[in-house]
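Student: I have a structure to look at, and I would like to understand the words people use for it. Could you take me through them?

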Amino acid sequence: MTDQITIRRPDDWHVHLRDGDIMRAVVPYTAAQFARAIVMPNLSPPVTTSAMAADYRVRILAAVPEGLDFTPLMTCYLTDAADADDIAAGFAQGIFTAAKLYPANATTGSAHGVTDVTKIMPALEKMASIGMPLLIHGEVTDSEVDIFDREAVFIDRILSGLVRDLPELKIVFEHITTEDAVQFVDSAGTNVAATITPQHLHINRNAIFAGGIRPHAYCLPVAKREKHRLALRKAAISGSVKYFLGTDSAPHEIHAKESACGCAGIFNAPYAMESYAAVFDEEGALDKLDGFASLHGPQFYGLPLNKGTITLERKAITVPEKLKTGGASLVPFHGGDQLVWQIAK
Ligand SMILES: NC(=O)N[C@@H](CC(=O)O)C(=O)O
Ligand SMILES: [Zn+2]
Ligand SMILES: [Zn+2]
């Protein structure tokens, strides 16, 4: 039995750091685990210009605790009015690393998202020509489509056409939750990759209804049936360079989660690597964690690999039920449960 594993320092290719007090509360967790993170732009108002992203990056860096070396990688929130020239200039200046497509009203903070992909074709064509990745929240928003089918229907109605029409565009299909998505990514060309969250590797949709309604197990895309969770596990440990780590850590304060209309999002930043390590260990694939967490992401984005390493050790840890940091009260993923791996101090 392996009791210790050392991997290259990992990155988080999908995280919500928010802004203001909650940002100052959550940034230390991500900065303690990851060297870099792709920061989602769904603030209110959303981060739609390179000037806004540059300012946001300064605020994030000010929240990084002394002694930690953490680089936020900024993204542009695409709207119907997306400005291809500003996006390209922001990419050229190193302010933007990627741009994010939220179908309008698909998820938290997506009200200003794109109503129809054809509206942003000029921006997407420009991005394809300069090698700037497009990150996609892949769910249709048609309320007539069952919520558990919205990702699979998005592949059929939108994503497959986009990949066909713009094969040069680098696309990250974010936080995939279905076997359909795995099949799509596997069969697509090398410009299509996907991130996988810890929660979608750990839970299926039963967790949302275990003995009563469990708001802290609710995120979007919503967890699916067991067969989908198993397909995601297989993809994550496959060694395929198309799959990499993206936590989708999405903090909402307790009162916003435990509500008659609770927000979607799981706050998994505090024990993210411990959570992924548990999955890779259960699958007998700890040797594949380095690729998933530390190599495939930078390779896809065309960024250098991190220097340095982290060590994880088999040592049980009980995850607190609640974390009170900087005035914010947050329930972490696995709250109250035991995890068997820890980052060695
Ligand atoms: N994943 C979520 O359930 N929520 C995210 C938005 C998103 O990533 O879709 C959030 O910003 O809260
Ligand atoms: Zn999303
Ligand atoms: Zn997200």
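Tutor: Let us go through the sheets, the ligand site and a few single residues.
This is a predicted model, in which local features need pLDDT of at least 70 and side-chain atom pairs count only at pLDDT 80 or more, while totals for chains, interfaces and linings use all residues. Residues are numbered from 1 along each chain as its sequence is written, with chains lettered from A and ligands numbered from 1 in the order in which they are written.

Student: What makes E2 and E9 the edge strands of the eight-stranded sheet?

Tutor: The order in this open sheet is E2-E3-E4-E5-E6-E7-E8-E9, with parallel pairing. Strand E2 (12-15) and strand E9 (243-245) each pair on one side only. From one strand to the next, the twist averages 30°. Strands here are DSSP runs (E, at least two residues), as are helices (H or I, at least four), and both are numbered from the N terminus.

Student: How do you know that E6 and E7 pair?

Tutor: Pairing needs at least two bridges found by DSSP between the strands. Strand E6 (residues 134-136) and strand E7 (residues 171-173) have three bridges, in the parallel sense, so they count as paired by that rule. As an example, Leu135 has Val172 in E7 as its bridge partner.

Student: What holds paired strands together in general?

Tutor: Strands of a sheet pair through backbone hydrogen bonds, either parallel or antiparallel.

Student: Which sheet has antiparallel pairing?

Tutor: An open sheet of three strands, ordered E1-E10-E13, does. Strand E1 (4-8) and strand E13 (338-343) have a single partner strand each, so one side of each lacks a neighbour in the sheet. The average twist is 35° from one strand to the next. E1 and strand E10 (residues 309-318) are joined by five bridges in the antiparallel sense, and Ile7 has Ile310 in E10 as its bridge partner.

Student: What lies across E10 and E13, and at what angle to E13?

Tutor: Helix H10 (residues 272-282) does, running at about 110° to E13. Such angles run from 0 to 180 degrees between N-to-C directions, with axes fitted to C-alpha atoms, for helices over the stretch in contact.

Student: Phe280 is in helix H10; why is Phe280 called buried?

Tutor: A residue is buried if 20 or more other C-beta atoms lie within 10 Å of its own, exposed if 12 or fewer, and partly exposed in between, with C-beta atoms placed from the backbone. Phe280 has 23 such atoms within 10 Å, so the label buried applies. Leaving aside neighbours within four places in sequence, Phe280 is in contact (C-beta atoms, placed from the backbone, within 7 Å) with Ile237, Ala285, Leu286, Lys288 and Leu289.

Student: Which residues surround ligand 1?

Tutor: They are His16, Asn42, Thr107, Thr108, Gly109, His137, Cys219, Leu220, Asp248, Ala250, Ala264 and Gly265. To be near a molecule, a residue needs its C-beta atom, placed from the backbone, within 6 Å of it.

Student: How many residues of each class are in that shell?

Tutor: The shell has four nonpolar, seven polar and one charged residues. Ala, Val, Leu, Ile, Met, Phe, Trp, Tyr, Cys and Pro count as nonpolar, Asp, Glu, Lys and Arg as charged, and the others, Gly among them, as polar.

Student: Where does UniProt place the feature "binding site"?

Tutor: One unreviewed-entry annotation lists His16, Leu17, Arg18, Asn42, His137, Leu220, His252 and Ala264. Such annotations may be inferred rather than shown by experiment. Asn42 is in the loop between strand E3 (36-39) and helix H2 (50-62), and is buried, with 21 other C-beta atoms within 10 Å. His252 lies in the loop between E9 and helix H9 (254-257) and is also buried, with 26.

Student: The UniProt "binding site" annotation also covers Lys100, His137 and His175; how do you know that they gather at one spot?

Tutor: They span 76 residues in sequence, yet no two of their C-alpha atoms are more than 12.8 Å apart, so they gather at one spot.

Student: What makes Lys100 and His175 buried?

Tutor: Lys100, found in strand E5 (residues 96-101), has 27 C-beta neighbours inside 10 Å and therefore counts as buried. His175, in the loop between E7 and helix H6 (179-187), has 27 as well and so counts as buried.

Note on methods
Two residues are in contact if their C-beta atoms, placed from the backbone, lie within 7 Å.
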